[in-house]
Amino acid sequence: MQQEQVTKGKKAFKFRNIKRWFKYKYLLLTRAKGGPGIVAMGFSIGLSVEMFTLPTAGLAFFLIFPLVYLFRASMAAALIGFVFGKIIYLPLTYVHIKVGGMVLPRGTGRHLLNFLPDWMDVFIKSNLKLFVGGLIDGLLLGLLFYFPIKWGLEYYHEKRKEKRKNRKAELVVGTESTP
């Protein structure tokens, strides 16, 4: 009986620790040095890169690291954007192919490599459309998500400053009235 309570208590303790860890990481992300622009830039980079990672067999993931360094963005936010991109990727695949088909000239990919079988030629052509469409859509989605995330984090920072200012004012008023 007592052993069951101990194991039940350990599970609750582990869950509480995991919950606290996620909250801590969230706070670190929202209070990142450099402000909301760095977090929003990281998210946009991760989302943009995810949109063309499938035709590159996942190698586009490695592009995140130099881009985050180049733009001085948040790596944690980039990884969150990358995961978010994975969630929305499948519904957008059709759009990527259509956009890639509109941008690429007719006949692109046809007999690209003459020594390959026809099925390989079709495979390369469809992935080329997916890659080019994913690049364009990824850039557009990155820009589209950058500003709302930046503005949301700025709003969060302003509310936080206001809350701290009010708390400090209440503390000062409370100490003045005490004899």
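# A walk through an all-helix model

UniProt, in an unreviewed entry, places the feature "transmembrane region" at residues 26-46, 52-71, 78-97 and 130-153. Keep those spans in mind as we go through the structure, which is a predicted model.

Let's start with the overall layout. The secondary structure of the protein comes to five helices and zero strands, so read from the N terminus the elements simply run α-α-α-α-α. Of the 179 residues of the protein, 29% count as buried. The contacts also reach a long way along the chain: among those in the protein with a separation of 6 or more, 75% are between residues 24 or more positions apart.

Two of the UniProt spans can be looked at in more detail. Over residues 26-46 the chain is 76% helix and 0% strand, and the C-alpha atoms at the ends of this span are 17 Å apart. Residues 130-153, by contrast, are 100% helix and 0% strand, with end C-alpha atoms that lie 33 Å apart.

Now for the interior. Which residues make up the largest nonpolar core? There are 12 residues in all: Leu29, Ala32, Val39, Phe43, Leu47, Met51, Ala77, Ile88, Tyr89, Leu130, Leu141 and Leu153. Helix H2 (36-50), H4 and helix H5 (118-177) each supply at least two residues of this core. One member to click on is Ala77, which touches Leu29, Val39, Gly42 and Phe43, not counting residues up to four places away in sequence. Apart from this core lies another, of nine residues, among them Ile45, Ile64, Val68 and Phe82.

Two members of that other core turn up again around Val49, a residue of helix H2. Is Val49 buried or exposed? Its relative accessible area is 2%, and because buried means under 20%, Val49 counts as buried. Leaving aside its neighbours within four places in sequence, Val49 is in contact with Ala60, Phe61, Ile64, Leu67 and Phe82. Another residue to look at from here is Gly81: Val49 and Gly81 are 32 residues apart in sequence, and their C-alpha atoms are 9.0 Å apart in space.

Val49 also gives us a way across to helix H5, where Gly142 has its place. Gly142 and Val49 are 93 residues apart in sequence and 9.1 Å apart in space, C-alpha to C-alpha. Gly142 is buried too, with a relative accessible area of 5%. Not counting residues up to four places away in sequence, Gly142 touches Ser44 and Ser48.

Those three residues lead us to the largest pocket, which has a volume of about 260 Å³. Of the 15 residues that line this pocket, the closest to its centre are Ser44, Ile45, Ser48, Leu139 and Gly142. H2, helix H3 (64-71) and H5 each supply at least two residues of the lining. Which helix provides the largest share of the lining? That is H5, with six residues.

Next, turn to helix H4 (residues 75-103), where His96 is found. His96 has 0% relative accessibility, so it counts as buried. What does the side chain of His96 make a polar contact with? Its partner is the side chain of Asp137, at 2.6 Å. Leaving aside neighbours within four places in sequence, His96 is in contact with Met51, Tyr89, Lys129, Leu130, Gly133, Gly134 and Asp137. Met51, Tyr89 and Leu130 will be familiar as members of the largest nonpolar core.

Tyr89 has a further role in this picture, through Thr93. Thr93 is found in helix H4 and is buried, with a relative accessible area of 16%. A polar atom of the Thr93 side chain lies 3.0 Å from the backbone oxygen of Tyr89.

For a last stop, leave the helices for the loop between H3 and H4, the place of Arg72. At 65% relative accessibility, Arg72 counts as exposed. What stands out about its backbone? Most residues other than glycine have a negative phi. Arg72 has a positive phi of about 55° although it is not a glycine.

Conventions:
Residues are numbered from 1 along each chain as its sequence is written. This is a predicted model: local features need pLDDT of at least 70, side-chain atom pairs count only at pLDDT 80 or more; totals for chains, interfaces and linings use all residues. Side-chain values use heavy atoms; hydrogens and water are left out. Helices (H or I, at least four residues) and strands (E, at least two) are DSSP runs, numbered from the N terminus. Buried means under 20% relative accessible area, exposed over 50%, partly exposed in between (1.4 Å probe, protein chains only). A polar contact is a pair of N or O atoms within 3.5 Å; within protein, one must be able to donate a hydrogen and the other to accept it, and residues adjacent in sequence count only if both atoms are side-chain atoms. Contact means heavy atoms within 4.5 Å. A nonpolar core is a set of buried Ala, Val, Leu, Ile, Met, Phe, Trp, Tyr and Cys residues joined through side-chain atoms within 4.5 Å. UniProt positions are given in the numbering used here, feature names are shortened, and annotations may be inferred rather than shown by experiment. On a 1 Å grid over the protein atoms alone, a cavity is a set of points where a 1.4 Å probe fits but cannot get out, and a pocket is an open set with protein on both sides within 12 Å along at least five of seven lines; lining residues have an atom within 4 Å of a point. Grid points are joined across faces, edges and corners, and a volume is the space filled by probe spheres set on the points.
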